[in-house]
Structure formats: C-alpha cells, structure tokens
Amino acid sequence: MELSGLFFYFVSFLTMAGIYAVICLALNIQWGFGGLFNAGIAGFYAIGAYSAAIITSTAASNNVGGFQQSIFVGMAVAAVIAGLVGWGIARLCVSLKSDYLAMATIGIAEIIRLIIVNEEWLTNGSLGVSNIPRPFEGVFKGQTAEIVFVLFVWMIVLLTYFISHRLHKSPWGRALRAIRDNEDAAESIGKDTHSFRTQTFVIGAIFMALAGALSAHYFKYFSPDATEPILITFLAWVMLIAGGSGNNKGAIAGALIVWAIWSMTEILTGFLPSEWATRSSYMRMLLIGLFLQFVLQRYRSGLLPERAPKLDKLRRS
Amino acid sequence: MIQLENVSKRFGGLTAVHNCSFSIPTGQITGVIGPNGAGKTTVFNMIAGLLQPSSGQIFLDGEDITSLPAHKRQSKGLYRTFQLAHEFSRMTVVENLMVAADSSIGENVFNAIFRPSIFQKHEHAAYDKAMETLRFLEIEKLQDELAGNLSGGQKKLLELGRTLMQTPKVILLDEIGAGVNRSLLSKIAVKIQQLNDDFGYTFCLIEHDLDYVSRLCDEVVVLAQATVLTTGTIDKIKRDERVVEAYFGGGKYEGAHA
Ligand SMILES: Nc1ncnc2c1ncn2[C@@H]1O[C@H](COP(=O)(O)OP(=O)(O)OP(=O)(O)O)[C@@H](O)[C@H]1O
Ligand SMILES: [Mg+2]
C-alpha cells in the first residue's frame, strides 16, 4: 500500500515534469536556439489549455463548449490557434531587442489572461472549464489510466524532442543560431532574420500550447489559476537555464530536476507553522531561486551546456 | 559596378556622410581611405544595406538597391566583412563558415524536420568548402573551437572566409588587415589579387595601411569629414596637397613618402 502510494506519487510527478519538459523544449527553441526572450509563456500555455478544453469538453456549463471532439482534434485546434496568435505577435514584436521583446510578451500574456478571466461566454471566467476528458478514458480506468496518461505525455515529450533535435542539427537551426549570435552578420550572408525569428516564435508557441492542452486533460478541469506566470513562465525559465539553454537534453533534465525540487518544497512548506502557510509559495520561489544560484555558480551554462551538432557524418569524406 | 549618387547619412544632428558620389568599377580593386571618423564604415553599411541613406541612391549594375533589405543583397553577389569582428560566437569555426554556404533547401523548416536526407549532399559540399577555406586561412586546426574564443585577428580571418563560401561578385572589406599578422596579410593580398584576376571579383577595401592599398588598389577614394575629398590612382592621391593635409596630418605618415 505504502509502496503503491509512492509509485503513484512518482507517476503524477513524471506527468507534470513531462508537461514542463514540453514547455522547456519549446522555450529552448525560442531562446536557446533563437535568442528570443519570451516572457509570456503562460499566455500560449493558456491558449492551448483553453482551446483543448473547450473543443473536447463533454458538457458545458455557461460557456460555449460541449463539442465532445476527440483529444487529437483538440490538440490540433490548440496548436493552430496558438500558432496563429504567435504568428501575429511575432510579426509585430519579433524584431525587438530581447529585453523589449520580453516586455511585449509579458504584456501580451497578461492580455490573454484578462480575456480568459473576463470573457465568460467563452471560458466560463474564473470558474473555469470542467468536464474535460482524458485520452483513452473509455478503455482504461482508475490507476491504469494514470499510467496510460503519463505514457501519453512522454510520447509528446519525445515527439517534441525529436522535432527540436532535427531543427537543431539542420541548416535551419544553424542559420537561427547565427542570427541569435549576430543579427547583422547573419543578414550580410543572406539570412532573412525576421522570417527565421517569426518561424521560431510560432513553433515555440505551438509546443507551449500543446503542453497547455496536456495539462487541461490531466486536471480534467482548467481555471485561470492554472496559468499563473509564476507557475508556468518563471518555472520554465528556471528549468531551461539550470538544465542548459541551447541543449534539448538539458531542457528535459532541467524540467525533471526543478519540478522535483518544486514538489519537495511543497512537502517542506507543509511543516511550517500555520501562520507561515500563506507565505509558503514565496518560500518555495525563494528556494528555487537559491537552487538556480547554486547551479549557475558551478555550471555557468547550465548542467548540460549547449553543444554544436556533430559533424562526424560529413567528416568521413 | 556599384554607384553612389549624392548619398548622405545623418545620425540625429551628426552628418556622418554628406553628398557622397563615387563608383566601385566592376573587376577592379578600389580602396577607400580617410582619417578616423571620416564615414568610411558608414558608407559600407549603406552599400551593404545595414543602414538606410538619409538621402541619395545606390546602384548595383544599374539597378537601384537603395532600399533593398540587407539579406537580399547577398543573392546579388554583394558580400562584406565588418571592421569589428562579427563572428557567430557560440558556434564553432567550421559552422561559422558552413552557415554562409548555400543551404536554402535545408533552411526550409519542413525539410529540416521531415526530410533531412534531401540536403545531405549540400551539407557535404558546405563542409568541404568550409574546410578548404579554413585551410587557406591557416586556421583549420581551430575548426571545432567556438568562434567566440578566437583571437581578434583570427576572427577577422573568419570574416573573410565567410565571404568566400559562395560566388561573390563584389566583396567589401572593412579593415581586413587590422590585427592580422604581416605574413598572412600578404598572403591575403595575393589571394585578393588572384580572385580578382582569375574570377573577376570586384573588391572594395577600407584600409589605413597605405602600402597595402598601393599594392592592391587600382583606384582610391579619399573620404574626409563625411565627404569625398578626391578619387584617383594612389600616386595621384599621394601628391594631392589636401590629402596630405587631411589624412597624413602634414606628412607625418611615413608611408606617404614611400
Ligand atoms: N550608428 C551610429 N550612430 C551614431 N553615429 C554614428 C553611427 N555610426 C557612425 N557614427 C558616426 O559617424 C561618423 C563616421 O563613422 P564611421 O564609422 O563611418 O567612420 P570610419 O571612417 O569608418 O572611421 P574609422 O577609420 O575609425 O573606422 C563618426 O563620427 C561616428 O561617430
Ligand atoms: Mg570604420
């Protein structure tokens, strides 16, 4: 009993860590390869979660919904909507210098959040969307369903990893890294920096939305509370920087490690006296911040630093 | 041929380039000289498309390219190096050159994800060309080093290498010699001469070393205080009173008498 409780704690840990791994891989494409400072991750995550929730929910309360579409349709719609929103934002903002891009994306994420809270006909406002299905719910029940879901999440992680890996080692990724390192020089060798950055931003937005969709299906209920920037944007950045910006494996490792610490701090803060309980989330952030300090003191480029793609195949000739 | 017609560039209140008109004839090696702050680099930035002229026009083989985006000028055969090295610092040396090769198929995002096999041949070609260029520049041992870790001179060589990865028509070199050791510098001069003779590449180089300029250049453009002071052969330039005054500070530059 004890043991299976621990096992299922581990399963739920892996599920959330997997969802974060998708976000981190997406952020790694944007920031690690492309140098795009997206500080509005939570916005794209929310778009994905709500799109999937509304499209797939089995019954709606006061908002549009009850379309009962399959989960794959929901994810496709989430990806398309996030891609379109990302494209629109990218057209406007992607040429901004990185600190300005950060400010613009924070603002946009906040606008998305306000829309979600206020447009009750669409999102049911602060009450959130419920009746969201899980994949293969009809087939697997109870604890098996948890295991099936974690496998589903990690399949998406692998897919994201695979795509990101291909992008990284292709001439596309090489041009993108050149743009990240020196925009003027990249222009001088014929790279359309605006176009590359737009593509990068859109790809990242799509995978952030997929992560949002996964979490909607996991919780089966989704409200604006789940799109807190602290919980999404801040943690994802810590994960990527600690894990190793520019390194896909680092992005996944960062998600696992930081999520593990974050989960443990929840247990720790549970022991705090009750008058501290309201402050526990700040304590947890402080601990995460200390962790990042600790990692960066020792490993300046993260635990798994960026590495150039291998050229062995080319060397043979 | 590149032609500048009454090109000016103002930065707020400062006029960096004022009503400049000159041409860079096809197949020749043209030098641009002038004191610090004369506006030489600003002129290059406008020809390369990095800066928009405040007024005036720039033509490439008769076509008005004044407002053509920088990245579209490369496909017209226009290449440049930067005075301050613009290396891709977190990429390896060989990648710095490969990225300048023609990789348009692999730069399509769908091909990159779904059809990596179709650009493998191009990757081989890009790698071979990059290694050949590195060997010429005598930095092939550094191929896997991060470009950010190179010395100043090595970075300048990398800049030069980048312009040689495809078939250029016009190459603009902004103080390519600054910080490069003398023996390699004369090797580069030989290479420039050779590329010019054998392939007819047009060169335009900004250089402070007058010996180097007189060794390579057919015509010289002298910029001073944002305007074209004079143009002509190096011998004519050296005899020009105004040039001596503006540039050599009253004959202090020893090369002026060489
Ligand atoms: N982006 C810019 N913004 C403002 N002023 C600029 C800018 N670029 C150049 N200038 C100014 O324009 C003038 C000409 O600069 P430029 O770099 O073209 O000189 P240069 O002839 O290349 O000099 P050097 O031989 O030292 O390289 C200088 O006074 C410089 O301060
Ligand atoms: Mg200059």
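This is a short tour of the model, stop by stop, with something to select at each one.

Before you start, note that the model is predicted: local features need pLDDT of at least 70, side-chain atom pairs count only at pLDDT 80 or more, and totals for chains, interfaces and linings use all residues. Residues are numbered from 1 along each chain as its sequence is written, chains are lettered from A and ligands numbered from 1 in the order in which they are written, and side-chain values use heavy atoms, with hydrogens and water left out.

**Stop 1: the largest pocket**

Select His165(A), His168(A), Lys169(A), Pro309(A) and Lys310(A), which lie nearest the centre of the largest pocket. The lining has 28 residues, and the space inside comes to about 740 Å³. Here a pocket is an open set of points on a 1 Å grid over the protein atoms alone, where a 1.4 Å probe fits, with protein on both sides within 12 Å along at least five of seven lines; lining residues have an atom within 4 Å of a point. Grid points are joined across faces, edges and corners, and the volume is the space filled by probe spheres set on the points.

Now colour the helices around the pocket. In chain A, α6 (142–169), α7 (171–181), α11 (248–270) and α13 (312–315) each supply at least two lining residues, and so does α5 (120–136) of chain B. Helices are DSSP runs (H or I, at least four residues), numbered from the N terminus. Which helix gives the most to the lining? That is α6(A), with five residues.

Colouring by class gives nine nonpolar, eight polar and 11 charged residues in the lining. In this scheme Ala, Val, Leu, Ile, Met, Phe, Trp, Tyr, Cys and Pro count as nonpolar, Asp, Glu, Lys and Arg as charged, and the others, Gly among them, as polar.

**Stop 2: the nonpolar cores**

Next, select Tyr20(A), Ile23(A), Leu167(A) and Trp259(A), the residues with the most contacts inside the largest nonpolar core, which has 145 residues. Helix α1 (residues 2–33) of chain A brings the largest share of this core, 14 residues. From chain B, domain 1 (2–85 + 169–248) and domain 2 (88–149) each add at least three residues to this core. A core is a set of buried Ala, Val, Leu, Ile, Met, Phe, Trp, Tyr and Cys residues joined through side-chain atoms within 4.5 Å. Buried means under 20% relative accessible area, exposed over 50%, and partly exposed in between (1.4 Å probe, protein chains only).

Zoom in on Trp259(A). Leaving out residues up to four places away in sequence, Trp259(A) touches Phe13(A), Met16(A), Ala17(A), Tyr20(A), Leu235(A), Met239(A) and Gly254(A). Contact means heavy atoms within 4.5 Å. Another core, of 24 residues, lies apart from the largest one; among its members are Phe22(B), Val43(B), Val170(B) and Cys204(B).

**Stop 3: the domains of chain B**

Give domain 1 and domain 2 of chain B a colour each; their centres, taken over C-alpha atoms, are 28 Å apart. The bounds come from an automatic or database domain assignment.

**Stop 4: around helix α4 of chain A**

Pick Thr105(A), which sits in helix α4. Is Thr105(A) buried or exposed? Thr105(A) is buried, because its relative accessible area is 3%. Beyond its neighbours within four places in sequence, Thr105(A) is in contact with Phe37(A), Asn38(A), Ala39(A), Gly40(A) and Phe201(A).

Move on to Leu96(A), in the loop between α3 (71–93) and α4 (98–118). Leu96(A) counts as partly exposed, at 36% relative accessibility. Measure across to Phe37(A): the two C-alpha atoms are 9.8 Å apart, with their positions 59 residues apart along the chain.

Then select Thr233(A) in helix α10 (residues 230–243) of chain A. Thr233(A) is buried, at 7% relative accessible area, and touches Ala39(A), Gly40(A), Ile41(A) and Ala42(A), with residues up to four places away not counted.

**Stop 5: two positive phi angles**

Most residues other than glycine have a negative phi. Select Gln68(A), where phi is near 55 degrees; this residue is in the loop between α2 (41–56) and α3 of chain A and is exposed, at 54%. Finish at Asn124(A), with a positive phi of about 65 degrees. Asn124(A) lies in the loop between α5 (120–123) and α6 of chain A and is buried, at 8%.
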